[in-house]
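Open the model in your viewer and keep a selection command at hand. The stops below follow one another from a single helix outwards.

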Amino acid sequence: MNQPPTDTELGEVLRRILGPTGRIARLERAPSRYASSYPLEELKVWLDGGQVLELMMKNVGRDSLSQDAQLAKPVFLRNPRREIKAYLEIVPRVENGPPKFHGAEVDETAGRFLIFIEKVPGVELFQVGDLEMWQAVARWLARFHLATEAAVVSAPPELIRYDSDWYRTWARRALEFARELTPAARNVLENYDPFVERLLSLPRCCIHGEFYASNVLVHRHETSTRVAPVDWEMAAVGPGLVDLAALVAGKWTDFKRTAIALSYFDERKKAMAARSGEGDRLNDSTSLMWLLDHARLHLAIQWLGWSDRWLPPAEHRHDWMREMIELADRIRSHT
């Protein structure tokens with residue numbers, strides 16, 4: 001693991017990032033309790049003019065991964081420039097919500113890829129039990145996807161592409177890595193092509209790629225709710241329903257999962273109605289729920305093929321094999 005910048009080095013980096021108006025009078029730094037795969041620090045910066053900035057500094061260099069993440073995260077997914085590009089070229093296209101990007105510092109020699117973003121007030125979505133908040137996040141997600149559809153053609157090459165190779169890679173990995181595959185599970189993985197073809201037919205946009213509740217900060221204002229997705233390490237061009245599938249992952253009742261998904265559908269339908277002459281593959285709620293099951297199926301397979309050397313902590317484990325089989329059966333029954 002490479003070493004974090006010293007206080008002197010960090011001060012010099014911040015002066016470059018913040019520019020001539022960023023003369024630093026004082027700097028405090030501390031490790032963040034939100035750190036997961038990569039080192040994360042909370043910075044408090046006092047400027048000469050009296051302004052105080054609260055920032056997060058993340059080092060996404062390949063050698064910065066924690067020991068557990070080295071075991072867990074597939075090598076082919078590690079691209080230290082991907083999150084930087086997402087903040088530079090994708091996040092600015094959406095409404096105010098995601099953390100403000102203050103800049104990045106790339107030092108290939110030291111292996112440092114430092115990202116500086118606003119420290120967003122709020123809590124992780126998974127800590128919120130209010131269904132209406134989850135529905136508000138789903139509506140934000142629909143607007144984000146529609147706002148980035150035009151960016152697909154010019155999206156930076158660092159972003160992941162959800163093409164046929166992407167989907168089939170995970171099925172191959174799941175066949176190789178998943179422990180004690182049942183005959184029913186093997187049947188799904190060996191006959192995955194019809195599901196892939198439907199996923200490839202979905203509208204494409206820029207997606208977060210890991211829109212799980214632990215990666216979404218929410219902050220309720222008097223008249224609005226700020227939705228601030230963080231950790232754009234898996235940013236991609238693909239179907240928006242993959243993000244929605246991540247949002248509704250977990251032990252939801254069918255009623256609540258459907259309520260969240262329909263909030264996404266209603267917001268998308270309202271926005272599409274203003275676009276005269278445009279068709280939409282997701283213009284029917286029943287069809288959307290069926291296609292959402294395809295995206296959920298993909299995520300289950302992705303988790304099964306994630307790593308052969310790592311298991312999540314017991315409290316975060318989920319029976320992805322069972323979910324994969326149940327989703328495949330449900331999809332087939334409505335085909």
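## Helix 11 and its neighbours

Select helix 11 first: Trp320, Met321, Glu323, Met324, Ile325, Leu327, Ala328 and Ile331 are its buried residues. Bear in mind throughout that this is a predicted model. Now show helix 6 (183–190), helix 7 (193–200) and helix 10, against which the buried residues of helix 11 pack.

Check the length of the helix next. Helix 11 runs over residues 320–333, and its 14 residues should span 20 Å at 1.5 Å a residue; the end C-alpha atoms are 20 Å apart, so the two values agree.

Stay on the helix and pick Met324. Beyond four places in sequence, Met324 has contacts with Ala185, Val188, Leu189, Leu297, Ala300, Ile301 and Leu304.

## The nonpolar cores

Which residues touch the most other members of the largest nonpolar core? They are Leu125, Leu297 and Met324, in a core of 93 residues. Colour helix 10 (residues 285–304), which supplies 11 residues, the largest share of this core. Another core lies apart from it; select Leu18, Ile24, Leu47 and Leu53, which are among its 14 residues.

## The second largest pocket

Return to helix 10 and display the second largest pocket, which holds about 250 Å³ of space. To outline the pocket, select the following lining residues:

- Asp254, Arg257 and Thr258
- Thr286, Met289, Trp290, Leu292, Asp293 and Arg296
- Arg330 and His334

Helix 9 (254–273) and helix 10 are the elements that give two or more residues to this lining. The largest share, 6 residues, comes from helix 10. Coloured by class, the lining shows 5 charged, 3 polar and 3 nonpolar residues.

## Tyr212

Go to the loop between strand 8 (204–207) and strand 9 (216–220), where Tyr212 is located. Is Tyr212 buried or exposed? Its relative accessibility is 14%, and because buried means under 20%, Tyr212 counts as buried. Show Ala246, Ala249, Leu299 and Trp303 as sticks: Tyr212 touches these residues, with those up to four places away in sequence not counted. For a distance label, join the C-alpha atoms of Tyr212 and Lys119, which are 19 Å apart in space and 93 residues apart in sequence.

## Two residues with positive phi

Select Glu180, in the loop between helix 5 (164–177) and helix 6. Phi of Glu180 is near 50°, a positive value in a residue other than glycine. With a relative accessible area of 75%, Glu180 is exposed.

Then move to Asp231, in the loop between strand 10 (225–229) and strand 11 (236–239). Here phi is near 60°, again positive in a residue that is not glycine. Asp231 counts as buried, at 18% relative accessibility.

## Arg139

End in helix 4 (residues 131–148), at Arg139. Arg139 is partly exposed, its relative accessible area being 30%. Show Glu132, Ser263 and Glu267 around Arg139; these are its contacts once neighbours within four places in sequence are left aside. As a last label, join the C-alpha atoms of Arg139 and Phe265: they are 8.1 Å apart in space, with their positions 126 residues apart in sequence counted as separation.

Methods:
Residues numbered from 1 in each chain as written. Predicted model: local features only at pLDDT ≥ 70, side-chain atom pairs only at ≥ 80, totals over all residues. Heavy atoms only, no water. Core = buried A, V, L, I, M, F, W, Y, C linked by side-chain atoms within 4.5 Å. Buried < 20%, exposed > 50% of the residue type's maximum accessible area, 1.4 Å probe, protein only. Helix = DSSP H or I, 4+ residues; strand = E, 2+ residues; numbered from the N terminus. Contact = heavy atoms within 4.5 Å. 1 Å grid on protein atoms, 1.4 Å probe; cavity = no way out; pocket = protein on both sides within 12 Å on 5 of 7 lines; lining within 4 Å. Points joined across faces, edges and corners; volume = space filled by probe spheres on them. Nonpolar A, V, L, I, M, F, W, Y, C, P; charged D, E, K, R; others polar. Expected span 1.5 Å × (residues − 1).
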